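Here are some exercises to work through with the model open on your screen. Try each task before you read its solution.

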Amino acid sequence: MMAVGLRVAAGLKQVALLMVAIFLITGVARAELVIDITQGNIKPLPIAISDFAGKSEATAIVGQKIADVVRADLERSGLFKIIDKRAFLQQISDIQTIPVFSNWRKINAQALTNGIVTALPDGRIEVQFRLWDVFSEQYLTGHKLSTQPTNWRRLGHKVADYIYERLTGESGYFDTRVVYVSESGPASRRVKRLAIMDQDGARHQFLTDGSNLVLTPRFSPSQQVITYLSYFNNRPRVYLLDIDTGQQEVLGEFPGMTFAPRFSPSGNQVVMSMAENGNSDIYLMDLRTRAVKRLTSHPGIDTGPSFSPDGKQITFESDRGGRQQLYIMNVDGSNQKRISFGRGNYGTPVWSPRGDLIAFTKLTGGKFSIGVMRTDGSQERILTEGFHNEGPSWAPNGRVLVFFRQIPGKNKNEQDKVRLWSIDLTGYNEREIITPRDGSDPAWSPLIPDGR
Amino acid sequence: MKVSALISAAIHLVIMILMYTGLPLFRDPEILEQPRVIQVDIVDIADVTNLPKPKPEEKLEEKKPEPEKPKPAPKPEPPKPAPKPVPEPPKPAPKPELEPAPKPEPVPEPKPAPKPKPEPKPEVAEAKDVPIPKPRPRPRPKVAEVKPEPKLKKEPEKKPEKKFDLNQISALLDKKKREQSSRKTNETDTKKSQSAEKVTSSSSAGADTSLPMSISEIDALRQQVQKCWIVPTGSANAEGLTVKLRISLNKEGEVLGQPKVIRSGKYRNNFEKIATESAVRAVLRCGPYKLPAAKYDRWKSIVLNFDPREMFGQ
């Protein structure tokens, strides 16, 4: 009896101790303040880019111009606010010294880039730059690049790419080009020429002379070759064009019209449409063997094929369901299934280089919009909507799209304007890419390989 | 004996439970109507409040595994004491410190007979290896000293030393503008903090250090940090990028050293790293924080939980 009582008492003691312990623990826990920060700002990151220094006058001038390219690239991305260099309290001329960060905090810079240009003995120029975090006073990244002096713009683009990548976590897209169809003349006698330029509109040049109608140029992954549709001799055919040599070549002898070509991610295949007796289907051609394989055989119109980045699937548009909608299939043509089910018509699907999204043109209620959806058709999102927006193409990092937009003339005498625009995946930061004339059907190149 | 022990135990237990949970209401509802006279006067809560929805249990759970540390340990950098000769002297320090810092010239390989085209990648790797950050072991005390310097005052002193060419003048004009704007924000800051302090003095006149932080005080701090946080919205799955930081503050509300990142495991991708950096930047940029001095014990170490989900409508 007694023993039992004692045991109970002992048990109670334990309970009491436990409770005291609980009090203590909660007490200790309460001592540290935890605060949830749930709202931040969506605004560009302020960055200071000092003119790249140079030992001679010539290199100093190049350094300035390169810094200008870097500033323009980062500013255009919409993710950075470039701090006016006239506000700088410090000019960094020596790449080997660490900046006085307090000077840069005062002008509210959160990141800082400085660099130097040197003339190499073999005639090339070399750029070294460093990127710093001003508030945590840390070195973030730095690289050394060299090239021919005439190629200085690309040095700027590359530096901007490195900065962009380090501060956003995504690969950059500034050292890239855009090929498009330059248009001029009245609507009845429209002259269309292939043209190519840097992503920022610089170094613009024409690739064809305009004697034949051209459409839908697309880059090969190597960037050296473009595939497009030309009406040469009034027979619409898919062609290949080597940018460097200017050499053109018809892609295969098909009985009907071929159109809407696009390279596979490996660059060894081209997928395209062929129309015969009013029916269009999708075909895949191997560029090495020239073997052709038919992927769809449906009475509806199947066109606009685009590869997934892993090369295993193809998205395309088809009106087999009555309306123009988006579909995906395996690269051998199997497992075709519809993914878009919204109201209106969907066309020009393009698979994102990230693989997670498909961009498209949507026609609904008399308006053309550019949108994106997941590859299963869910989470459709319209990025921009208006009178006529069409033909999206992804920047190589899958973050930005380029498309063309037709703006109707204000009166009968004024011609419509057709221009190239870029837009961020968030739907913000719409910017016109300035072209000398009207432009349509843009295609963004992959990143330019380092050796070129 | 047994019965009485059990009864005693039961009563004790009941009392303990009551101590912990509080007395239940046994009375009739009518009586509750009585205290109508009470004058409610909620004045000093900050004008804008954006308290997040309370997440009840979760927090206590999370805190336990992290034992309290008075100061954030510097990221494991054992060689720290060596390069820091004098910890105290503030200003003259930078110069000599810079000397060892410049990284050894990044392998000045002359790159003999290279290809005509640029081939930046390979060297890039080398340049990267340049041990820039290492020689400079984040001079802790300096950060604290540089920061608090009221931006406004320092400027005018500097100006006269500068040569006055035209470019500089326009630059200075530019800065003026910026200063003004920053002054403005500073003013609003102080206003906010004043209101925060008001709360303190009215609600805890006796400066009772055991009192927890009031909602207004916490809210003021939250707003101060949020104002400086630029969320990396473009990242893939940006909404899932939560970051937890522990910061130590001195009595002036200045951040001591670097915020400590609380996370298990390595960064799974670049986006996580960049989200963390954005949070660290926000914390460092917005100090010194306006907090009630009397409750220093409560806020000398704070955990900040950066969670952008709400911004993405989740």
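## Two chains, one sheet and a core

**Exercise 1.** Keep in mind that this is a predicted model. Work out how many helices and strands each chain has, and what share of each chain is buried.

*Solution.* Start with chain A: its secondary structure comes to four helices and 31 strands. Buried residues make up 46% of its 452 residues. Now turn to chain B, where you should find 11 helices and three strands. Reading chain B from the N terminus, the elements go α-α-α-α-α-α-α-α-α-β-β-α-α-β. Of the 314 residues in chain B, 23% are buried.

**Exercise 2.** Take the contacts between residues at least 6 apart in sequence, and find what percentage join residues at least 24 apart in each chain.

*Solution.* For chain A the figure is 43%. For chain B it comes to 82%.

**Exercise 3.** Follow the antiparallel pairings of β16(A) on both sides, and pick out a positive phi in each hairpin.

*Solution.* First, look at strand β15 (residues 257-263) of chain A: five bridges join it to β16 (residues 269-276), and the two run antiparallel. To see one of these pairs, go to A:Arg262, whose bridge partner in β16(A) is A:Val271. The hairpin here has five residues between the strands, and A:Gly267 takes a positive phi near 85 degrees.

Next, move on to β17 (residues 279-286) of chain A, which pairs with β16(A) over eight bridges, again in the antiparallel sense. Here A:Ser273 has A:Ile282 as its bridge partner in β17(A). This hairpin has two residues between its strands, and A:Asn277 is the one with a positive phi, near 55 degrees.

**Exercise 4.** Trace the open sheet that contains β1(A), and say which strands lie at its edges.

*Solution.* Go across the four strands in order: β1(A)-β3(B)-β1(B)-β2(B), with mixed pairing. The edges are β1 (33-37) of chain A and β2 (255-261) of chain B, since each pairs on one side only. From one strand to the next, the twist averages 25 degrees. Inside the sheet, β1 (residues 243-249) and β3 (residues 301-306) of chain B run antiparallel and share six bridges. One pair to click on is B:Arg246 with B:Val303 of β3(B).

Now add the helices. α9(B) lies across β1 of chain A together with β3 of chain B, at about 45 degrees to β1(A). α10(B) lies across β1, β2 and β3 of chain B, at about 25 degrees to β1(B).

**Exercise 5.** Check the length of helix α9(B), then decide whether the helix is mostly covered or mostly open.

*Solution.* The helix has 14 residues (215-228), and at 1.5 Å a residue they should span 20 Å. Its end C-alpha atoms are 20 Å apart, so the two agree. As for cover, 11 of the 14 residues are buried, and α9(B) is mostly covered. Among the buried ones are B:Ile218, B:Leu221, B:Val225 and B:Cys228.

**Exercise 6.** Find the largest nonpolar core, and see where its residues come from.

*Solution.* This core has 131 residues, and A:Ile66 and B:Val283 have the most contacts inside it. Its largest share, eight residues, comes from helix α10 (residues 270-286) of chain B. The core also draws at least three residues from each of domain 1 (45-168) and domain 2 (177-444) of chain A. Finish by zooming in on A:Ile66: beyond its neighbours within four places in sequence, its contacts include A:Phe52, A:Val117, A:Trp152 and A:Leu155.

How values were computed:
Residues are numbered from 1 along each chain as its sequence is written. Chains are lettered from A and ligands numbered from 1 in the order in which they are written. This is a predicted model: local features need pLDDT of at least 70, side-chain atom pairs count only at pLDDT 80 or more; totals for chains, interfaces and linings use all residues. A nonpolar core is a set of buried Ala, Val, Leu, Ile, Met, Phe, Trp, Tyr and Cys residues joined through C-beta atoms within 7 Å. A residue is buried if 20 or more other C-beta atoms lie within 10 Å of its own, exposed if 12 or fewer, and partly exposed in between; C-beta atoms are placed from the backbone. Domain bounds come from an automatic or database domain assignment. Two residues are in contact if their C-beta atoms, placed from the backbone, lie within 7 Å. Two strands pair if DSSP finds at least two bridges between them. The expected span of a helix is 1.5 Å times one less than its number of residues. Axes are lines fitted to C-alpha atoms, for helices over the stretch in contact, and angles run from 0 to 180 degrees between N-to-C directions.
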